[in-house]
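Let's take a walk through this protein together, from its overall make-up to a few places where its helices meet. Keep the 3D view open as you read.

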Amino acid sequence: MSKRLFQAIILRALEDLASNSKMPENVFAKREAESWLLSSSKDLYLICDCASFHPKDVQRWTRKILSGDFNRRAGYENQYLEKSLLMQEVLSTSSLDDIK
């Protein structure tokens, strides 16, 4: 299978995590994404391996999103643009260590 498919799974979880929506289904998805991305589950490790990402890097990046560090550092005013650029950066790297 293509590593892009597995990267898309991680990307979707990160998008859910970055969501500011108050809709109940989105709030639930955000909680589920946070729980999964910060877990040590076999599923997370398998998906990360297939996506060519190290799980610890994904978790470090998850914490970065939760802290809002990227948004402040990027200096963008539009939150949607900030998140979009961050997500594009994930897909354009082979390792999350490349993200500064």
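## Overall make-up

Of the 100 residues in the protein, 36% are buried. Please bear in mind that this is a predicted model. The protein has six helices and zero strands, so the pattern read along the sequence is simply α-α-α-α-α-α.

How are the contacts spread along the chain? Looking at contacts with a separation of 6 or more, 58% join residues that sit 24 or more positions apart.

## The nonpolar core

The largest nonpolar core holds 16 residues, and the members that touch the most others are I10, L14, L17, L37 and V58. At least two residues of this core come from each of α1 (3-18), α2 (24-37), α3 (42-51) and α4 (55-67). Which helix gives the largest share? That is α1, with six residues.

## Where α1 meets α2

The axes of α1 and α2 lie 8 Å apart and make an angle of about 125°. This angle falls in neither the 65 to 115 range nor the range over 145, which makes α1 oblique to α2. The two helices cross in a left-handed sense.

On the α1 side, the contact uses I9, A13, L14, D16 and L17, while α2 brings A29, K30, A33, E34, W36 and L37. Sorted by class, the contact of α1 with α2 has eight nonpolar and three charged residues, with no polar ones.

## Where α1 meets α4

Here the axes come within 10 Å and cross at roughly 20°. Angles under 35 degrees count as roughly parallel, so that is how α1 and α4 run relative to each other. The crossing of α1 with α4 is right-handed.

From α1, the residues in this contact are I10, L14, L17 and A18; from α4, they are V58, W61, T62, I65 and L66. By class, the contact of α1 with α4 has eight nonpolar residues, one polar residue and no charged residues. L14 and L17 are worth finding in your viewer: both take part in the contact with α2 and in the contact with α4.

## A loop residue to look at

Finally, have a look at S52, in the loop between α3 and α4. Its phi is near 65°, a positive value in a residue other than glycine. Most residues other than glycine have a negative phi.

Is S52 buried, exposed or partly exposed? Its relative accessibility is 36%, so S52 counts as partly exposed.

Key:
Residues are numbered from 1 along each chain as its sequence is written. This is a predicted model: local features need pLDDT of at least 70, side-chain atom pairs count only at pLDDT 80 or more; totals for chains, interfaces and linings use all residues. Side-chain values use heavy atoms; hydrogens and water are left out. A nonpolar core is a set of buried Ala, Val, Leu, Ile, Met, Phe, Trp, Tyr and Cys residues joined through side-chain atoms within 4.5 Å. Buried means under 20% relative accessible area, exposed over 50%, partly exposed in between (1.4 Å probe, protein chains only). Helices (H or I, at least four residues) and strands (E, at least two) are DSSP runs, numbered from the N terminus. Axes are lines fitted to C-alpha atoms, for helices over the stretch in contact, and angles run from 0 to 180 degrees between N-to-C directions. A crossing is left-handed if the near helix is turned anticlockwise from the far one by less than a right angle, and right-handed if clockwise. Contact means heavy atoms within 4.5 Å. Ala, Val, Leu, Ile, Met, Phe, Trp, Tyr, Cys and Pro count as nonpolar, Asp, Glu, Lys and Arg as charged, and the others, Gly among them, as polar.
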